[in-house]
Amino acid sequence: MTSSSLFRSPRAIVVALLLSLSAFSEAQSGGEEGFGFQKNCRSFKCPDSDETPVPKSPMDYLVSKGCAGIGASGFAMMGLNSNSEVTRILSSCCDLYHSCLQICGAKKQFCTSNAEKCMVRKCNSVPNERIKKQCLGEYETKKLMFQFSECQDFELAQRKSCDCVKKDSVDEKRAEVVRSFYAKFNPDNVDKANALAAKATDKHKLVGLLYKLVEKYPKAINIKMDDSKQQKMEDLLKDIPQYNSRREPKPDYVDVDDQEEIIDDERIEL
């Protein structure tokens, strides 16, 4: 690729800018944080030492801003891929990422790592080599975008999704969260909830369980893209003949690890 064609590529310009900012930010901050972007965001803690944060129930507050909503304000739209097919391929990973950030007790790095794995898995499953290459290119851009996502958004999401519960009530509250989820999205198997919750003996195991449940039942996620970003997307893509701005309907459930979840080497059927 010639230097002139490189600078005609919007993606190349975006990636070069993000790489430069990332390197500058790290150099200025000694590898800790810069420009307000932190590698490790603070976990939510209850003000009372006798209380433990537990996800609010019911979990009807999970919202996704789509793939265009990944990244810091001002950077997210820059990473937009104009290929509607690639956007469709990665949309479930983006939705799950946004939802993960809103699961009380989740670590931002856990959500980012799983989103990246999801994107690679989705891209590698594409049979068309041209689309696969474009998909992996978008994944590389999203990896940079994850670096520029702001801690304040994650921390606000955690505060909104957590209830502070007395420690002697934590087990029952966790079971209530799982029961209410099953009651809405898989009522025929609500009797599994107590057994599943019993295996989620700490917040990390509960996060892992809820993450897999949301992945399996994507209708738990509410899609709410920022109107201004949606309009920008429409304006950018309106001249592309094959563009279709409507998202595919979400299935009632999807197959996840053969309908089983691994929590600390314990396999449990969802």
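These are my notebook entries on what I looked up in this structure, which is a predicted model.

**Entry 1: an odd peptide bond**

I began with the backbone. Ser-57 and Pro-58 are joined by a cis peptide bond, with omega at about 0 degrees. I then checked where Pro-58 sits: it belongs to the loop between β3 (51–55) and β4 (63–64).

**Entry 2: the core**

Next I went inside. In general, nonpolar side chains of soluble globular proteins tend to be buried together. Here I looked up the largest nonpolar core, which has 54 residues. Which residues touch the most other members? Val-178 and Leu-213 do. I noted the elements that give two or more residues to this core: α3 (84–101), α4 (108–124), α5 (129–147), α6 (151–161), α7, α8 (193–199) and α9. The largest share is from α3, with nine residues.

I stayed with Leu-213 for a moment. Setting aside its neighbours within four places in sequence, I found Leu-213 in contact with Val-178, Phe-181, Tyr-182 and Leu-270. Two of those names, Phe-181 and Tyr-182, come back in the next entry, in an aromatic cluster.

**Entry 3: aromatic rings**

I counted rings that pair up and got five aromatic pairs. One of them is Phe-181 with Phe-185, a tilted pair with 4.9 Å from centre to centre and 45 degrees between the planes. Both residues are in helix α7 (residues 170–185), four residues apart, which is about one turn of the helix. Phe-181 is buried, at a relative accessible area of 3%.

How are the rings of Tyr-182 and Tyr-217 arranged, and why do I call them that? Their centres are 6.5 Å apart and their planes stand at 65 degrees, so I wrote this pair down as edge-to-face. The cut-off I needed here is that planes over 60 degrees apart count as edge-to-face. Tyr-182 is in helix α7, while Tyr-217 is in the loop between α9 (203–216) and β6 (222–223), so this pair ties together parts 35 residues apart in sequence.

Buried or exposed, for Tyr-182? Tyr-182 is buried, at a relative accessible area of 1%. Tyr-217 is buried as well, at 4%. Taken together, Phe-181, Tyr-182, Phe-185 and Tyr-217 make one aromatic cluster. I also spotted a charge by this group: Lys-216 lies over the face of Tyr-217, 5.8 Å from the ring centre.

**Entry 4: the two sides of α6**

Then I turned to helix α6. Its buried residues are Cys-151, Phe-154, Glu-155, Ala-157, Gln-158 and Ser-161. I looked down the helix axis and saw these buried residues fall within an arc of 160 degrees, so they line one face of α6. What does the face turned away from the buried side carry? I found the exposed residues Gln-152 and Lys-160 there.

**Entry 5: salt bridges**

My search turned up 11 salt bridges in the structure. I started with one from α6, where the side chains of Glu-155 and Arg-42 meet at 3.2 Å, N to O. This pair links distant parts of the chain: Glu-155 is in helix α6, Arg-42 is in the loop between β2 (37–38) and β3, and they are 113 residues apart. I checked both ends for burial. Glu-155 is buried, with a relative accessible area of 11%, whereas Arg-42 is exposed, with 56%.

I then looked at α5. Glu-138 and Lys-142 form a salt bridge there, with their closest N and O atoms 2.6 Å apart. Both lie in helix α5, four residues apart, about one turn of the helix. Glu-138 is buried, and Lys-142 is too.

In α9 I noted a salt bridge between the side chains of Lys-212 and Glu-215, at 3.3 Å from N to O. These two are three residues apart in helix α9, again about one turn. Why do I list Lys-212 as buried? Its relative accessibility is 14%, and buried means under 20%. Glu-215 is buried too, with a relative accessible area of 16%.

My last note is on a network: Asp-48, Asp-50 and Lys-166 are joined by salt bridges that share partners.

Definitions and conventions. Residues numbered from 1 in each chain as written. Predicted model: local features only at pLDDT ≥ 70, side-chain atom pairs only at ≥ 80, totals over all residues. Heavy atoms only, no water. Phe/Tyr/Trp six-rings, centres within 6.5 Å; stacked < 30°, edge-to-face > 60°. Buried < 20%, exposed > 50% of the residue type's maximum accessible area, 1.4 Å probe, protein only. Lys NZ or Arg CZ within 6 Å of the ring centre and 35° of its normal. Core = buried A, V, L, I, M, F, W, Y, C linked by side-chain atoms within 4.5 Å. Contact = heavy atoms within 4.5 Å. Arc of directions from axis to C-beta. Salt bridge = Lys/Arg side-chain N within 4 Å of Asp/Glu carboxyl O.
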